[in-house]
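Trainee: Before we begin, may I ask how the terms used for a structure are justified by its values?
Mentor: Please look at the model first, and then we shall take the terms one by one.

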Amino acid sequence: MTSPAMTRAEGGLLTGKRGLILGVANARSLAWGIAVEAYAHGAQLALSYQDARLARKVEPLAEAAQARVYRCDVTQADQLDALFGDIEATWGGLDFLIHSLAYAPASALGAPYSEISAEAFAQTLEISAHSLASLTRRAAPLMLNGGGGAIVALTYLGASRVVPHYGVMGPAKAALEASVRALSLEWAPRGVRLNALSAGPVRTLAAAGIPGFKPLLKAASEASPLGRAITPKDVGRAAVFLVSDLSEAVIGEVLHVDGGFHMLGLAGLG
Ligand code: NAP
């Protein structure tokens with residue numbers, strides 16, 4: 001794979017900021033959409049991915065964004081410690097972090113909710129929600145070296161509304177959003193802000209694992225007041241706002257980037 005062309009403007013919103021973006025699987029990942037916009041706005045980046053098989057896809061992207069690249073499974077404390085140890089040794093601090101990762105065992109996605117096993121439930125919540133606390137515990141002290149920072153977690157409407165087939169990811173996203181609030185209460189007084197960005201459906205690797213994703217994408221695109229599907233660029237631009245100084249007073253928020261779909265009472269009757 002060849003490296004994509006990237007553009008960077010002078011005087012961007014993130015000039016001088018150093019950011020770690022977790023959850024890049026390929027060029028369709030929301031994490032990559034965020035990286036492209038953060039780079040365009042002047043950020044210095046580090047990217048991370050989990051699966052060794054993805055190195056071939058992620059390394060050309062990292063090269064294009066002049067980014068450091070790490071392999072890290074967020075459930076492995078030694079890998080997390082190594083990642084943050086290297087960031088501290090290299091940069092001496094960190095200004096923002098993007099949590100753009102989630103996982104549920106295939107058996108638990110689309111299964112009748114009452115049949116989801118305790119093991120599948122626990123694994124989904126550990127990776128998709130508790131990881132935010134593990135990351136914040138390590139990132140926040142580095143952010144305080146530079147006077148503060150911002151953390152953004154990617155969530156979905158299934159946290160607060162029932163979405164067919166979303167299954168165990170619904171409670172995982174609800175826990176993630178609640179974690180954003182709990183961690184904000186703990187860290188915001190010291191200068192580290194957390195927010196959630198609730199994206200509308202976008203065709204990615206993770207989305208492909210959700211049974212019935214195609215009709216969900218079609219319904220959301222057609223019913224949303226915006227009248228089109230959400231793109232990684234839409235998500236990236238909103239993320240830039242949330243980690244920039246423009247959102248200094250925005251804390252514990254769930255910002256919907258879904259073309260207005262979340263506000264509808266009855267979709268498709270407008
Ligand atoms: P994606 O490209 O497949 O990204 C998901 C990432 O999570 C992958 O890089 C995956 O790595 C990583 N991950 C899974 N388990 C991990 C672990 N134990 N440690 C570290 N990383 C792990 O899909 P995406 O749609 O961009 O998802 C990014 C975030 O956006 C997720 O939180 C998702 O729920 C959220 N979101 C997506 C949509 C959508 O429609 N696409 C809408 C709203 C919110 P592996 O591939 O190696 O497992």
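**From values to terms**

Mentor: Arg18, at 18% relative accessibility, counts as buried. This is a predicted model, and Arg18 is placed in strand S1.

Trainee: Why is Arg18 called buried?

Mentor: Buried means under 20% relative accessible area. Arg18 has 18%, so the term buried applies.

Trainee: Which residues is Arg18 in contact with, leaving aside its neighbours within four places in sequence?

Mentor: Arg18 is then in contact with Gln44, Trp91, Gly92, Gly93, Leu94, Asp95 and Phe96.

Trainee: What makes the pair Asp245 and Lys17 a salt bridge?

Mentor: The criterion is a side-chain nitrogen of Lys or Arg within 4 Å of a carboxyl oxygen of Asp or Glu. For Asp245 and Lys17 the closest N and O atoms are 3.0 Å apart, and the pair forms a salt bridge. Asp245 lies in the loop between helix H8 (232-243) and strand S7 (254-257), and Lys17 in the segment before strand S1 (18-22), so the pair ties together parts that are 228 residues apart in sequence.

Trainee: Are the two partners, Asp245 and Lys17, buried or exposed?

Mentor: Exposed means over 50% relative accessible area; Asp245, with 54%, is therefore exposed. Lys17 has 15% and therefore counts as buried.

Trainee: How do you know that Glu37 forms a salt bridge with Lys233?

Mentor: Their closest N and O atoms are 3.6 Å apart, and the cut-off is within 4 Å. The pair links distant parts of the chain, with Glu37 in helix H1 (residues 30-40) and Lys233 in helix H8, 196 residues apart.

Trainee: What makes Lys233 partly exposed, whereas Glu37 is buried?

Mentor: Glu37 has a relative accessible area of 9% and so is buried. Lys233 has 42%, which falls in between the limits of 20% and 50%; Lys233 is therefore partly exposed.

Trainee: Why is the meeting of the side chains of Arg68 and Asp86 called a salt bridge?

Mentor: The N to O distance is 3.0 Å, to be set against the cut-off of within 4 Å. Arg68 belongs to strand S3 (residues 68-71) and Asp86 to helix H3 (residues 77-91), so this pair ties together parts that are 18 residues apart in sequence. Arg68, with 32% relative accessible area, is partly exposed, and Asp86, with 28%, is partly exposed.

Trainee: How many salt bridges does a search of the whole structure find?

Mentor: The search finds eight salt bridges. The chain has 22 positive and 22 negative side chains, and the centres of the two sets lie 6 Å apart.

Trainee: Which residues of helix H7 are buried?

Mentor: In helix H7 (residues 213-223), the buried residues are Phe213, Leu217, Ala220, Ser221 and Ala223. Helix H6 (205-208) is included in what covers them.

Trainee: What does the secondary structure of the chain come to?

Mentor: The chain has eight helices and seven strands.

Trainee: Why is the chain called as compact as a globular protein of that length?

Mentor: Its radius of gyration is 18 Å, close to the 18 Å that the globule rule gives for 270 residues, so the term is justified. In addition, 52% of the 270 residues count as buried. Among contacts between residues at least 6 apart in sequence, 74% join residues at least 24 apart.

Technical notes
Residues are numbered from 1 along each chain as its sequence is written. This is a predicted model: local features need pLDDT of at least 70, side-chain atom pairs count only at pLDDT 80 or more; totals for chains, interfaces and linings use all residues. Side-chain values use heavy atoms; hydrogens and water are left out. Helices (H or I, at least four residues) and strands (E, at least two) are DSSP runs, numbered from the N terminus. The radius of gyration is taken over C-alpha atoms; the globule rule is 2.2 Å times the number of residues to the power 0.38. Buried means under 20% relative accessible area, exposed over 50%, partly exposed in between (1.4 Å probe, protein chains only). Contact means heavy atoms within 4.5 Å. Lys and Arg count as positive and Asp and Glu as negative; His and the chain ends are not counted. The place of a charge is taken as NZ of Lys, CZ of Arg, CG of Asp or CD of Glu.
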